[in-house]
Amino acid sequence: MTEKALRLGTRRSKLAMAQSGQVADAVSQVTGRPVELVEITTYGDVSREHLAQIGGTGVFVAALREALARGEVDFAVHSLKDLPTTQPDELVLAAIPEREDPRDVIIARDALKFTDLPRGARIGTGSPRRMAQLNAYARAHGMDIETVPIRGNVDTRIGYVTKGDLDAVVLAAAGLNRIGRSDEVTDFLSVDTVLPAPGQGALAIECAADDADLVAALAELDDPFTRAAVTAERSLLAALEAGCSAPVGALADLLDDGQSVKEMRLRGVVGTTDGSTLVQLSTTGPVPETHEAATALGRELATEMLAQGAAGLMGERAL
């Protein structure tokens, strides 16, 4: 007799379905059980408002978590950058698999790179974080760009460029890789130019904390280095008391000497969306061995950023 299928809760978007399908295959391999996708519509999927207006934090997550709590699904897959930084007691992030490319990318008309865009180029993004850093880079390098707020799925966003409404759009490399569309990228933005969102490129696999067998099975998909990095990034975000639609970028990466990984560097940035003011700092320390050590790394950098005036740049402060 075949074992009962595990039910994986996922958003309905093409990207969510693609990344959930990849997780489903991996979970099937470690558990030996079939996995079926259960499609769930979230508020963030149906609302046409800009993310900053509808609160940003958690709008893609709440419906999935409610389905978990009601027992309608056994586990859920989220884009980690969509998750609020506070974790409900009854749910656990059982696995954070190895991270995809965390960078942001440009898809521009005529295969242009960011620095080759013409004067007055209109660049679409729904992210205040991207706006702040692109505008700051443009100011520092004598470029003349206009950032235009947009929403919609990948097809909609790329469509603004192909139809000629915009000169370029900014998207996450990870999402395009997961749906097999990375060949449309015209430029990869260096993390020195634009720091990604905390947790960008990573997935979170969440289930009920009291389902010990499932927690243990899913934990086999966990990547400890990715978990340490995103824990530090999200700790920074939490300590800044910023929602995931605030203009905060963060990236923790591992520094190695060719033989072994020696240290973790955490970089953070907060800025006004017009790019006129940025607070950008970094810290380096031993690779965190525990959740507490990774959290402390993020908190320490946030404290330094707040001391440099970061709080006044975020516009929205989470209550």
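In this predicted model, Glu233 sits in helix H8. Its relative accessibility is 0%, so Glu233 counts as buried. Beyond its neighbours within four places in sequence, Glu233 contacts Arg99, Ala197, Pro198, Gly199, Ala250, Leu251, Ala252 and Leu266.

Helix H8 spans residues 224–239 and packs with helix H9, residues 291–307. The axes of H8 and H9 are 7 Å apart, at an angle of about 40°. H8 and H9 are therefore oblique to each other. The crossing of H8 past H9 is right-handed. On the H8 side, the contact involves Ala228, Thr231, Ala232, Ser235, Leu236 and Ala239. On the H9 side, the partners are His291, Ala294, Thr295, Leu297, Gly298, Arg299, Leu301, Ala302, Met305 and Leu306. By class, the contact of H8 with H9 comprises 10 nonpolar, five polar and one charged residues.

Two of these contact residues, Leu236 and Met305, recur in the largest nonpolar core. That core has 19 residues. The members that touch the most others are Leu236, Leu240, Val248, Met264, Leu266, Val270 and Met305. At least two core residues come from each of H8, strand S11 (248–256), strand S12 (261–271) and H9. H8 gives the largest share of this core, with five residues. Leu266 of the core is also a contact of Glu233.

Helix H3 covers residues 62–69. Within H3, the residues Ala63, Leu64, Arg65, Ala67 and Leu68 are buried. Their cover includes strand S1 (6–11), strand S2 (35–40), strand S3 (75–79), strand S4 (91–95) and strand S10 (203–208). Gly71, just after H3, adopts a positive phi of about 75°.

Val23 lies in helix H1, residues 14–31. Its relative accessible area is 6%, so Val23 is buried. Apart from neighbours within four places in sequence, Val23 contacts Leu8, Phe75, Val77, Leu203 and Ile205. Val23 and Leu221 are separated by 198 residues in sequence. Their C-alpha atoms are 8.9 Å apart in space.

Val170 belongs to strand S8, residues 168–172. With a relative accessible area of 1%, Val170 is buried. Leaving out neighbours within four places in sequence, the contacts of Val170 are Asp104, Val105, Ile106, Ile123, Gly124, Thr125, Arg130, Leu134 and Leu189. Val170 and Asp25 lie 145 residues apart in sequence. The C-alpha to C-alpha distance between Val170 and Asp25 is 29 Å.

Glu146 is placed in strand S7, residues 145–148. Its relative accessible area is 41%, so Glu146 is partly exposed. Outside the neighbours within four places in sequence, Glu146 contacts Ala121, Arg122 and Ile123. Ile123 is also in contact with Val170. Glu146 and Ser28 are 118 residues apart in sequence. In space, their C-alpha atoms are 46 Å apart.

Backbone geometry was also examined in the loops. Most residues other than glycine have a negative phi. Asp110 has a positive phi of about 55° although it is not a glycine. Asp110 lies in the loop between strand S5 (104–108) and strand S6 (121–124). At 62% relative accessibility, Asp110 counts as exposed, because exposed means over 50%. Ala111 is likewise not a glycine and has a positive phi of about 55°. Ala111 is also in the loop between S5 and S6. Its relative accessible area is 56%, so Ala111 is exposed.

Lys163 falls in the loop between helix H5 (154–162) and S8. With a relative accessible area of 61%, Lys163 is exposed. Lys163 and Arg109 are 54 residues apart along the chain. Their C-alpha atoms are separated by 9.6 Å.

Technical notes: Residues are numbered from 1 along each chain as its sequence is written. This is a predicted model: local features need pLDDT of at least 70, side-chain atom pairs count only at pLDDT 80 or more; totals for chains, interfaces and linings use all residues. Side-chain values use heavy atoms; hydrogens and water are left out. Axes are lines fitted to C-alpha atoms, for helices over the stretch in contact, and angles run from 0 to 180 degrees between N-to-C directions. Helices (H or I, at least four residues) and strands (E, at least two) are DSSP runs, numbered from the N terminus. Angles under 35 degrees count as roughly parallel, over 145 as roughly antiparallel, 65 to 115 as roughly perpendicular and the rest as oblique. A crossing is left-handed if the near helix is turned anticlockwise from the far one by less than a right angle, and right-handed if clockwise. Contact means heavy atoms within 4.5 Å. Ala, Val, Leu, Ile, Met, Phe, Trp, Tyr, Cys and Pro count as nonpolar, Asp, Glu, Lys and Arg as charged, and the others, Gly among them, as polar. A nonpolar core is a set of buried Ala, Val, Leu, Ile, Met, Phe, Trp, Tyr and Cys residues joined through side-chain atoms within 4.5 Å. Buried means under 20% relative accessible area, exposed over 50%, partly exposed in between (1.4 Å probe, protein chains only).
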